[in-house]
Amino acid sequence: MKVYLDNAATTKMDPEVLKAMMPYMTDDFGNPSSIHSFGRKTRSAIEMARKTVAKHLNVTPAEIFFTSGGTEADNIAIVQSVNTFGIKHIITSPTEHHAVEHTVANLEKQGKVSVTWLKPDGKGNISLQELEEALKAHPGSLVSLMHANNELGTLLPMKEVGELCEKYNALFHSDTVQTMGHYKMDLKEIKVHFLTCGAHKFHGPKGVGFLYMHHEHKLQPFIVGGSQERNMRGGTENLYGIIGLAKAFDICHLEMEEHQIHIRALKDLMLKELPKIIPGIEFNGETSPERSLYTVLNCRFPKHPDSEMLLFNLDIAGIAASGGSACSSGSNQGSHVLKAIGCDMERASVRFSFSKYNTLAEIEFVLSKLKELLAQKVSA
Ligand SMILES: Cc1ncc(COP(=O)(O)O)c(C=O)c1O
């Protein structure tokens with residue numbers, strides 16, 4: 001049996017998504033900027049895709065800009081906020097994805113901004129009080145805080161953060177790469193200026209995403225060239241990627257409740273059974289349904305002679321999981337997130353992340369393999 005539990009890294013494409021993309025990889029190939037019928041057809045398909053995304057977020061299509069993925073969208077939101085609005089201070093957290101963390105650190109190094117790095121607690125939570133103090137000290141700054149941490153699953157109270165940002169006249173960017181397509185978001189209810197998305201996290205294609213940009217906070221163009229994406233991002237559009245993104249986003253919203261229930265049950269089974277079979281196991285990040293992303297469970301295993309090799313041994317057993325984000329291959333030693341929350345780096349941490357394609361039988365198989373690999377030899 002092969003079990004894929006690394007869905008926070010990327011997900012399997014839904015066959016319906018591929019089906020929707022196929023015509024645009026074959027017969028409907030016109031350049032969307034061409035004025036003839038071939039071009040008009042693909043232009044119209046892109047605008048339909050934009051409408052679909054906007055409808056699910058309760059925003060206008062003009063506020064959606066397609067990008068090459070989450071990383072690019074995060075870069076645009078942060079770098080162009082600084083360039084467009086003359087932001088001098090950024091408030092963020094060391095637990096952000098590198099797409100945000102490195103972008104902010106680069107701006108700091110270049111002397112373009114000063115930065116408040118908030119101190120997350122041991123579960124990856126941001127203190128609203130600390131955030132408010134930073135906002136008070138630096139009104140008019142840019143706040144960049146992710147909705148759900150990709151390694152821990154810990155959720156940010158977006159509404160409260162949005163309200164604080166408004167109170168201190170700050171711009172609010174949230175990396176929603178792990179939560180887009182997994183939660184319903186009504187952007188009339190959340191005071192946020194920029195959100196980001198990568199389609200491959202919800203059964204869409206890789207290399208495509210979008211930036212939501214509030215209509216009153218229009219950024220300067222990021223990629224200069226043609227007038228694509230309302231002059232924001234020059235370059236011929238990733239036509240079939242955009243079609244696939246919209247189809248995947250649509251499916252997620254139509255089937256969201258059903259998948260939430262199913263995936264939560266998988267995570268709950270692991271949460272309940274793991275402490276029974278591996279005494280001393282602990283969880284990194286929040287685990288309750290209200291405070292954690294239902295697709296992610298990060299486990300810290302007790303000290304064990306084989307724990308260094310745990311991910312490797314799981315892989316040999318046909319189980320794909322991760323030591324952190326996708327870039328930290330094989331071990332959790334490199335995880336800046338686990339370090340930032342003061343996690344015991346001597347112990348092996350493994351992130352299991354689930355999707356609609358996982359089954360209870362798969363989770364039972366994983367539990368039995370973990371028991372086999374670790375249970376008997378765990379040192380007290
Ligand atoms: C929270 C978060 N932000 C940004 C990204 C980058 O997204 P993309 O792979 O679409 O560039 C990822 C992907 O791992 C992520 O998990």
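## Helix H11 and its buried residues

Let's begin at helix H11, where the buried residues are Glu 362, Ile 363, Phe 365, Val 366, Leu 367, Lys 369, Leu 370 and Leu 374. Please keep in mind that this is a predicted model.

H11 itself runs over residues 360-374, 15 residues in total. From first C-alpha to last it reaches 21 Å, close to the 21 Å expected at 1.5 Å a residue.

## What covers H11

Which elements cover the buried residues of H11? Among the helices, the cover includes H8 (256-277) and H9 (310-316). Strands take part too, including E1 (3-4), E11 (319-320) and E12 (349-353).

## The chain as a whole

Stepping back, the protein chain holds 11 helices and 12 strands. Its C-alpha trace spans about 70 × 55 × 35 Å along the principal axes. A compact globule of 380 residues would have a radius of gyration near 21 Å, and the chain agrees because its own value is 21 Å.

How much of the chain is buried? Of the 380 residues, 58% count as buried. Contacts often link distant parts of the sequence: among those between residues at least 6 apart, 73% join residues at least 24 apart.

## Surface and charge

Turning to the outside, the accessible surface of the protein chain comes to about 16000 Å². Carbon and sulfur atoms account for 55% of that surface.

As for charge, the chain carries 40 positive and 43 negative charges. The mean positions of these two sets are 2 Å apart.

Key. Residues are numbered from 1 along each chain as its sequence is written. This is a predicted model: local features need pLDDT of at least 70, side-chain atom pairs count only at pLDDT 80 or more; totals for chains, interfaces and linings use all residues. Side-chain values use heavy atoms; hydrogens and water are left out. Helices (H or I, at least four residues) and strands (E, at least two) are DSSP runs, numbered from the N terminus. The radius of gyration is taken over C-alpha atoms; the globule rule is 2.2 Å times the number of residues to the power 0.38. Buried means under 20% relative accessible area, exposed over 50%, partly exposed in between (1.4 Å probe, protein chains only). Contact means heavy atoms within 4.5 Å. Accessible areas come from the Shrake-Rupley method with a 1.4 Å probe; for residues, only the protein chains shown count as cover. Lys and Arg count as positive and Asp and Glu as negative; His and the chain ends are not counted. The place of a charge is taken as NZ of Lys, CZ of Arg, CG of Asp or CD of Glu. The expected span of a helix is 1.5 Å times one less than its number of residues.
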